[in-house]
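This report describes a two-chain model, beginning with its confidence and then turning to the fold, the contact between chains and selected backbone geometry.

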Amino acid sequence: MLATAVIVLREVLEAALVVSIVLAATRGVPGRGAWVTYGVVGGILGALVVAAFADRLATAASGLGQEIFNASVLFLAVAMLGWHNVWMTRHGREMAASLGSVGSAVRLGARPLYALSVVVMMAVLREGSELVLFLYGIASAGPGQSSELAGGFALGLLAGVALSLAMYFGLVRIPAKRLFTVTGWLILLLAAGMAAQAAAYLVQADILPPLGETIWDTSRLLPDNSIVGKLMHTLVGYTARPYGIQLGFYALTLVVLLILMKLFAQDPRPNPGQSAT
Amino acid sequence: MPRPSSSFWLSVLCLSTLLFSAPSSGQGLSFTLTIKNHRFHPAELEVPAGKKLRLLVKNLDPTAEEFESHDLRLEKVIPGGKEAVLIVRPLKPGTYKFVGEFNEKTAQGRIVAK
């Protein structure tokens, strides 16, 4: 049962962290719970569909369907995270200032919550489809496996939710003024890490060159498949043995998003929604 | 109008395979692994070091398996009864472990590059 729980935790970890960061980043925004729920439910439904069509996905694009699909899902999440951050540099300051006041809540609702909803959906979908196939495998091994299945699944899921809650309550203890700066950086690193992982899928598919086989090797110090390794992988994009091109994608994502945030931060027009106080 | 012969279609197939496959995968050495009863056969595969390899993994079990190797930096879900091709980048001499993540207790194997 413990072995099952560890695998379940490993698969839900990324989605759990993404959810906690998204919830912290949208603190005080009305309707955020609904959007995150849509993301999770949509992701679970998507995972079921992907698992059901795993056969076809595996044979699509001359056998590279899976790699291309995973890379696309990651790139979509990167785009949505980037879009959210660019939007936030424009409106974040007023948000932090008015956090908690009821009047501002309506205006803040204009925030692109759908972008973060898509991010949650993609995170749940990608890891979830593997989880569905894994659990289906256990379930079809025989009726004797049902306690193993239910127990392991519940335990793993619970551990994931606990980690997510710990992360969330840790984050929201940060004073409101700095909270959005912190979540902004977390989202930036999340995006860069996802871009680097997408690059790894494209190297595996032999679509991109590795540009350096192993830039460093810390697999003994912090293995990729350990829980801490997986945690760091999600939060900052840690990889024990990165290809050169992964570092390139990581740096490129950071630079491009920071430039975009800089470009869009200055708004020459006065904000019509803000009264002259 | 005469129907194109089967050899015509065969050559079309060959041509399109040539066109759409990655440029280097065609010349790579091929190796085959099978998964049965959640075990890899052979569990140890000896391969030449420094060469790009084509690894065909056939899953003979009815359930899906995830071929995963952090050493080789590969992960791919192989649905039950299906096969998948993985490209192994040129290896330094050494031992590289891989597992079937969905049945890690039994599905273990390694590639020894010499």
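**Confidence**

Within chain B, the mean confidence is lowest, at 49, in helix α1 (residues 6-20) of chain B, and highest, at 97, in strand β2 (residues 39-41) of chain B. The model is a predicted one, with an ipTM of 0.83 and a pTM of 0.86. For chain B the average pLDDT is 83, and 76% of the residues score at least 70. Over residues 14-26 of chain B the pLDDT stays under 50, and the model has eight contacts beyond four places in sequence for this stretch.

**Fold of chain A**

Chain A contains ten helices and zero strands. Its elements, read from the N terminus, therefore run α-α-α-α-α-α-α-α-α-α, given that helices and strands are numbered in that direction. Of its 277 residues, 43% count as buried. Among contacts in chain A with a separation of 6 or more, 84% are accounted for by residues 24 or more positions apart.

Helix α8 (residues 176-204) of chain A comprises 29 residues. From its first C-alpha to its last, α8(A) reaches 42 Å, close to the 42 Å expected at 1.5 Å a residue.

One example of a contact between distant parts of the sequence involves V36(A), in helix α2 (residues 32-52) of chain A. S117(A) is 81 residues from V36(A) along the chain, yet their C-alpha atoms are separated by 5.4 Å. Apart from neighbours within four places in sequence, V36(A) is in contact with V19(A), V22(A), L23(A), S117(A) and V120(A). Is V36(A) buried or exposed? V36(A) counts as buried because it has 21 C-beta neighbours inside 10 Å, and the cut-off for a buried residue is 20 or more.

**Contact between the chains**

The contact draws 23 residues from chain B and 25 residues from chain A. On the side of chain B that touches chain A, the elements giving two or more residues are β6 (74-78) and β7 (83-88) of chain B. The most is given by β6(B), with four residues. By class, this side of chain B has twelve nonpolar, four polar and seven charged residues.

**Backbone geometry**

Most residues other than glycine have a negative phi, and most peptide bonds are trans. Against that background, two residues of chain A and one peptide bond of chain B deserve separate mention.

The phi values concerned are listed below.

| Residue | Phi | Location |
|---|---|---|
| A61(A) | near 50 degrees | helix α3 (residues 54-63) of chain A |
| D206(A) | near 65 degrees | loop between α8 and α9 (227-236) of chain A |

For A61(A), phi is positive in a residue other than glycine. With 15 C-beta neighbours inside 10 Å, A61(A) counts as partly exposed. D206(A) is likewise a residue other than glycine with a positive phi, and α8(A) is followed by D206(A). Because D206(A) has 19 C-beta neighbours inside 10 Å, D206(A) counts as partly exposed; a buried residue would need 20 or more.

In chain B, which form does the peptide bond from H41(B) to P42(B) take, cis or trans? That bond is cis, with omega near -10 degrees. P42(B) is found in the loop between β2 and β3 (44-47) of chain B.

How values were computed:
Residues are numbered from 1 along each chain as its sequence is written. Chains are lettered from A and ligands numbered from 1 in the order in which they are written. This is a predicted model: local features need pLDDT of at least 70, side-chain atom pairs count only at pLDDT 80 or more; totals for chains, interfaces and linings use all residues. pLDDT is the predictor's confidence in each residue, from 0 to 100. Two residues are in contact if their C-beta atoms, placed from the backbone, lie within 7 Å. Ala, Val, Leu, Ile, Met, Phe, Trp, Tyr, Cys and Pro count as nonpolar, Asp, Glu, Lys and Arg as charged, and the others, Gly among them, as polar. The expected span of a helix is 1.5 Å times one less than its number of residues. A residue is buried if 20 or more other C-beta atoms lie within 10 Å of its own, exposed if 12 or fewer, and partly exposed in between; C-beta atoms are placed from the backbone.
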